[in-house]
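Grab your viewer and work through a few short exercises on cores, surface charge and exposure. Try each one yourself before you read the solution.

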Amino acid sequence: MADGMRAPHPRLQRMVACSDCSTPNPDVARFCMSCGATLAAPEPSREARKVVTVVFADITGSTGLGERLDPEAFRSIMGRWFDAMSVVLTGHGGTVEKFIGDAVVAVFGVPIVHEDDGLRAVRAAAEMTTALAALNSALRTERGVEIAMRVGVNTGTAVVGDARAGGSRATGDAVTVAARLQQAAEPGETLLGDSTWRLVRDAVVTGEPREISVKGHDEPVTVRSLITVDQAAEGFHRRVGGPMVGRDRELGILRAAFERAVIEERCVLVTVLGSAGVGKSRLVHEFLAGARTGVATAARPDPRPDATVLRGRCLPYGQGITWYPVAALLRSAVGLDEEAEPSAVMDGLRSLLADVEDAAAILARLAEPLGVATQPAPVEELFWAIRRFLEHLADRSPVVVVLDDLQWAEPAILDLVEHLS
């Protein structure tokens with residue numbers, strides 16, 4: 001090496017993963033050391049202030065467990081716990097920031113901010129408890145031991161780096177408070193900070209609020225113990241109150257489309273588009289109120305029959321969510337909610353289709369969205385079954401199908417909408 005030149009310390013070299021084989025390479029490399037592929041030039045690290053939700057979890061009593069077990073056995077248990085928790089956290093859209101001893105820290109809102117990051121984090125925390133129960137079942141069988149976990153969830157402003165440039169570490173009071181909540185929790189308990197609770201209050205059941213002292217805070221922090229989470233609910237319900245103002249034209253379009261569908265006895269598709277908070281849900285609510293009460297209009301002076309309203313909502317993420325909106329439509333058709341057993345929904349559908357000639361074929365295919373089909377049906381046959389079911393309902397009264405949050409719909413749902421229309 002020439003005089004005056006000094007090699008950078010290995011620990012100070014940032015590693016760049018190959019996009020083809022994922023092999024880590026020093027950031028000075030231009031070609032992958034493993035497969036030879038061209039490496040993308042590293043982007044400069046960018047910091048930003050974001051509102052994030054932090055999940056901080058650790059194992060209680062790990063010191064005593066480590067003393068009783070062989071080091072390799074203890075390491076294996078901790079590795080399995082880390083893996084199980086990471087799968088849950090990343091599955092809900094979180095970024096696992098780091099593992100610290102017997103703790104795991106994840107941030108929701110990095111690198112991509114979602115409108116429901118707080119709810120995703122709380123759902124992940126609840127699912128972590130379920131995943132731990134499954135792990136403990138295996139550990140009791142294999143080694144006669146089990147582990148306990150405590151979790152803290154908090155929302156606030158943090159400074160984060162660009163995850164794509166290797167700088168995703170979040171710092172700030174939100175992270176610190178999440179760690180303090182975790183320390184204050186009892187084994188098996190998840191504590192929610194007040195800022196997180198306000199984001200998810202209508203989707204969770206919690207214990208009574210209580211105050212805890214947090215180091216560095218002059219005032220105590222309000223926390224609540226998480227009991228259950230409604231996996232299908234929104235973080236907070238849209239509350240409708242007072243008269244709707246300034247939407248007469250849009251409401252008239254919806255009512256005219258409904259009148260056309262009733263008079264012509266045909267399907268009419270209307271898409272309501274608008275930015276978040278502009279009042280889409282309120283507009284639909286106002287329209288449905290008239291459709292349900294059989295209001296007369298100038299075009300149809302005699303009150304029309306009450307419409308049958310079916311509602312489904314597309315979820316932004318999750319496993320096996322393709323047909324979730326269809327399952328919600330079927331549940332609403334028989335007056336059952338998310339907690340109802342699929343068998344009860346099928347019984348209700350069977351009653352609705354009692355006088356339909358091809359009811360057995362329709363029911364066999366509608367079982368798939370509810371998760372009780374004996375074998376998967378071709379998509380075309382499922383579309384046929386849904387259409388026949390809606391046609392049968394429309395023989396009795398007008399039918400209004402509302403699909404909320406269609407921007408999250410899987411391609412198959414969009415194909416279904418096109419098929420029906």
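Three exercises with solutions follow.

This is a predicted model, where local features need pLDDT of at least 70, side-chain atom pairs count only at pLDDT 80 or more, and totals for chains, interfaces and linings use all residues. Numbering runs from 1 along each chain as its sequence is written, and side-chain values use heavy atoms, with hydrogens and water left out.

**Exercise 1.** Find the largest nonpolar core and say which helix or strand gives the most to it.

Step 1: a nonpolar core is a set of buried Ala, Val, Leu, Ile, Met, Phe, Trp, Tyr and Cys residues joined through side-chain atoms within 4.5 Å. Buried means under 20% relative accessible area, exposed over 50%, partly exposed in between (1.4 Å probe, protein chains only).
Step 2: the largest one has 37 residues, and Trp81, Ile147 and Met149 have the most contacts inside it.
Step 3: among the elements that each supply at least two residues are α2 (71-91), α3 (117-143) and β6 (148-161); helices (H or I, at least four residues) and strands (E, at least two) are DSSP runs, numbered from the N terminus.
Step 4: α3 gives the most, with 10 residues.
Step 5: don't miss the second, separate core of 32 residues, which includes Val356 and Phe389.

**Exercise 2.** Is alanine 84 buried or partly exposed?

Step 1: look in helix α2, where alanine 84 is found.
Step 2: its relative accessibility is 22%, so alanine 84 counts as partly exposed.
Step 3: leucine 132 is 48 residues from alanine 84 in sequence, yet their C-alpha atoms are 7.6 Å apart.

**Exercise 3.** Where is aspartate 230 placed?

Step 1: aspartate 230 is in the loop between β10 and α6 (248-264).
Step 2: aspartate 230 counts as partly exposed because its relative accessibility is 32%.
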